Amino acid sequence: MNTPPADTSEGMDFRVIGQIVSASGLLHVFPSETEMGNFLVPLLTGVPGCQSTSVCFRKLAQPIGGVRGETCSLCARSLAQCSETSPYPCGLVEPGKVRAYPLETAGGFYGHLIVRIASQREYVRYEPFVQNLGNALAIILENRWQQAAMQAAKENLEQLVKKRTAELGKVIESSRDLIATMDSDHRYMVFNSAFHDEFQKVYGRDLKPGDSMTEALAHVPDAFAQSWKYWGCALAGEDFTICQEFGDAPLDRQWYELHFSPIRDSAGHVIGAVHVGREITERKRAEAEMRKSSLEIQHKNAELERFLYTASHDLKSPLVTVRNFLGYLEQDLAAGAAGKIAEDMDFILGAADKMRRLLDDVLELARAGCIVAPPVRVTFRQLVDEVLSTVAGRIAECGVTVTVGDGEVVLFGDRVRLAEVLQNLLDNSCKFMGDQPAPRIEIGFEPRAGETVFFVRDNGIGLDPRHQGKVFGLFEKLDPRAEGTGIGLAIVKRIVEVHGGRIWVESPGVGKGAAFFFTLPDAVEPTSQGEK
Amino acid sequence: MAQTQTGSRSEIPMTQMGFTQETFPAGTHMCLIYSQEAERRNIIGKFLESGLLAGEKVAYFADTLSPDEVRGWLRDIGIELPDVDGFSISDATKTYCSSGEFVPETMLDTLRKFYRQAKEEGYPNARVSGEMSWALKGIPGSDRLMEYEALINEILITHPVTAICQYDASRFSGATILDVLKVHPMMVVHGQIVHNPFYMRPRDFLKDFQGRP
């Protein structure tokens, strides 16, 4: 026959049970573990059959309550010595007289609730409720520790974000580039002083974080339309770089390289855009200069190549003469032909003279590429008068009538070289007058397509249009019988080019005269241009 | 509304607390043990408002806030306090320790007078709520607070002033809170009023309290 189970509620004080149950609901109001302990210890000590109680919290160095000494070494030793997973504190003796309930959850171990039992018979009725109270306490502790850990992690993260943001801010601020970010609602969010100051300078607005682009650029519709387009592309996910010129006055115009790129969140969605603008005016100028220099170098290299070819070719010719006649001289000396010896010597000396002249001319040409004197201001008329007085003998000898056009233009350049241009051209015209019964040379200038074009026109022998491009070549002589080495026009061309100009010849044909035109853009003072 | 006479609990009317649907007899003595200020303000605000709506005489004893700050807080949560004699906010320390020290008998007498005055002025009921942190200031006699809290339960039988005593669990010790529970027959837990299993009859509590080492 089965014995009916004992009525465990017999003799129980339900008020005590109510207190223990209520305590579970009240524990959460105590912010500190110490006060939880101070509340629980007298409460549990009042449970029938209980002699004394302690609460040991892992976080606290000392336990709270009255269970001491031989019963719980957790209280006496360091907490590190107590097994965190043990159901009872290490060193706990007198089993049966002391209960130690671990304050433990799946997430961790937080301490012990320790009860010294005075009457096992009485206490056993309430033990499940005490155990439940311990469980409730453990859950509260776990929640708090988790919240504290989360709070600490959050604070750490916030500190880190703050630190990184400050560092990034310093980097952005220290940049000379114009850096700005915009959110997806077209609001300027983060920008550095460089961007702010330039924005203020160009658009006259004191930009503040959060300002809408629509409002900030409302007064400049064109700039707004352009900015809207660029930022819009970046906000649509495009990453691109453009070069753009800003500013109205030619001298104020500045080049900028603008880079736009989208800002994405961890899922890849565009949440804003960033702009980095860099002033590249100097770079652009340098690039243009470099291109110009490169062309000049190419041009000069080609010219040097031609020069070397021509010089070596022309210098070779008298050398051959010298060599040949040295052979003849040797033979004639052996034969004792005195008349022939003198003839041989004349050829050799003639060839040597020619070589000297050629070399002098080469040196002169090389010098023509250099500005020898500092630039001075001189009128065209003054220059012409100076040259005419220099070549007066030659002009008189040739019987040439020289006329100088009206008007005046002021030149600013190497006076000696500029005079050399006119002198060579006058000399050239005199040289190629041919049989002209009324030789005439006209000197002047005229405006053509916005520039001042100088000319020296004659009614001499002229030249075949097919040869017009060759006349400025080194040692180039259309008429081999003509005096000189053929270097004069090459020198003229070099001087004109040094002054940024160009030179060309126009002739209706052989026997119909020729006109040499040239420009000197670097030497003509803009204010005097085309004054007639 | 039933007329109230002193001396018999059976004649005591029921009253609303504002923060719970249940009605309770006038003269209910409750403790609110809290650690969240927002929770306290919500419960006490509704408690005061419901008393005013019921036309009761209401008094509030403020300690952490000035009377003006209390009015501001109540206004912030949407409670407009009528500028009438029926509502007063006073400094808790001055109210509980009018002579510069805390004498339970004096304060109990003040409560009796408050109730009598309310009845004489025609109010159907009276209610009070006090912030009890004044007792942590070391004012002479403040160690007799629990004695007062126990004795008030006997006074409220004949002078049924509905009362909520506010105890901040972050400022009072756990042991004191356990005593607070022993002297309030009802307690407010999670916004609900519940019978307090810790409650001891005043004479039992006083015997235990005075017998402590």
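Reader: Which residues of chain A form one aromatic cluster?
Author: The cluster is made up of A:Y188, A:F191, A:F195, A:F199, A:Y203, A:Y230, A:W231, A:F240 and A:F260. Rings of Phe, Tyr and Trp (its six-membered ring) pair if their centres lie within 6.5 Å; planes under 30 degrees apart are stacked, over 60 edge-to-face, and the rest tilted.

Reader: Before we go on, what kind of model is this?
Author: It's a predicted model, where local features need pLDDT of at least 70, side-chain atom pairs count only at pLDDT 80 or more, and totals for chains, interfaces and linings use all residues, while side-chain values use heavy atoms, with hydrogens and water left out. Residues are numbered from 1 along each chain as its sequence is written, and chains are lettered from A and ligands numbered from 1 in the order in which they are written.

Reader: Cool. Back to rings: how many aromatic pairs are there over all chains?
Author: The count comes to 32 over all chains. Take A:F39 and B:F198: their ring centres are 6.3 Å apart and their planes sit at 55°, so this pair is tilted.

Reader: Where do A:F39 and B:F198 sit?
Author: The pair crosses between chains: A:F39 is in helix α2 (residues 33-45) of chain A, and B:F198 is in the loop between β9 (192-195) and α7 (202-210) of chain B. Helices (H or I, at least four residues) and strands (E, at least two) are DSSP runs, numbered from the N terminus.

Reader: Are A:F39 and B:F198 buried or exposed?
Author: Both are buried. That means under 20% relative accessible area; exposed is over 50%, and partly exposed is in between (1.4 Å probe, protein chains only).

Reader: What about B:F102 and B:W134, how far apart are their ring centres?
Author: The centres are 5.0 Å apart with the planes at 50°, so B:F102 and B:W134 are a tilted pair too. They link distant parts of the chain, 32 residues apart. B:F102 is in the loop between α3 (92-96) and α4 (104-120) of chain B, and B:W134 is in the loop between β6 (126-131) and α5 (145-158) of chain B. Both B:F102 and B:W134 are buried.

Reader: Switching a bit: what lies over the face of A:W255?
Author: That's A:K284, at 4.6 Å from the ring centre. A:R448 lies over the face of A:F517, at 4.5 Å from the ring centre. The rule here is that NZ of Lys or CZ of Arg is within 6 Å of the ring centre and within 35 degrees of the ring normal.

Reader: Helices next. At what angle do α5(B) and α7(B) pack?
Author: About 165°, with their axes 9 Å apart. Axes are lines fitted to C-alpha atoms, for helices over the stretch in contact, and angles run from 0 to 180 degrees between N-to-C directions. α5(B) and α7(B) are therefore roughly antiparallel. In those terms, under 35 degrees is roughly parallel, over 145 roughly antiparallel, 65 to 115 roughly perpendicular, and the rest oblique.

Reader: Which residues make the contact between α5(B) and α7(B)?
Author: Among them are B:M146, B:A150 and B:L151 of α5(B), and B:F205, B:L206 and B:F209 of α7(B). Contact means heavy atoms within 4.5 Å.

Reader: And in chain A, how do α2(A) and helix α5 (residues 127-174) pack?
Author: At about 175°, with the axes 13 Å apart. That makes α2(A) roughly antiparallel to α5(A). The contact includes A:M36, A:L40 and A:L43 of α2(A), and A:L137, A:I140, A:L141 and A:R144 of α5(A).

Reader: A:R144 in α5, then. What is A:R144 in contact with, leaving aside its neighbours within four places in sequence?
Author: A:L27, A:H28, A:F30, A:P31, A:S32 and A:M36. The C-alpha atoms of A:R144 and A:H28 are separated by 9.5 Å, though these residues are 116 apart along the chain. A:R144 counts as partly exposed, at 22% relative accessibility.

Reader: Any odd backbone spots? What is phi of A:A449?
Author: Near 50°, a positive value in a residue other than glycine. Most residues other than glycine have a negative phi. A:A449 lies in the loop between β13 (440-448) and β14 (451-458) of chain A, and is exposed, with a relative accessible area of 86%. Phi of B:H190 is also positive, near 50°; B:H190 is in the loop between β8 (186-189) and β9 of chain B and counts as exposed at 54% relative accessibility.

Reader: Last one: how many helices and strands are in chain B?
Author: Chain B has 7 helices and 9 strands, and 54% of its 213 residues count as buried. Chain A has 14 helices and 16 strands, with 40% of its 532 residues buried.
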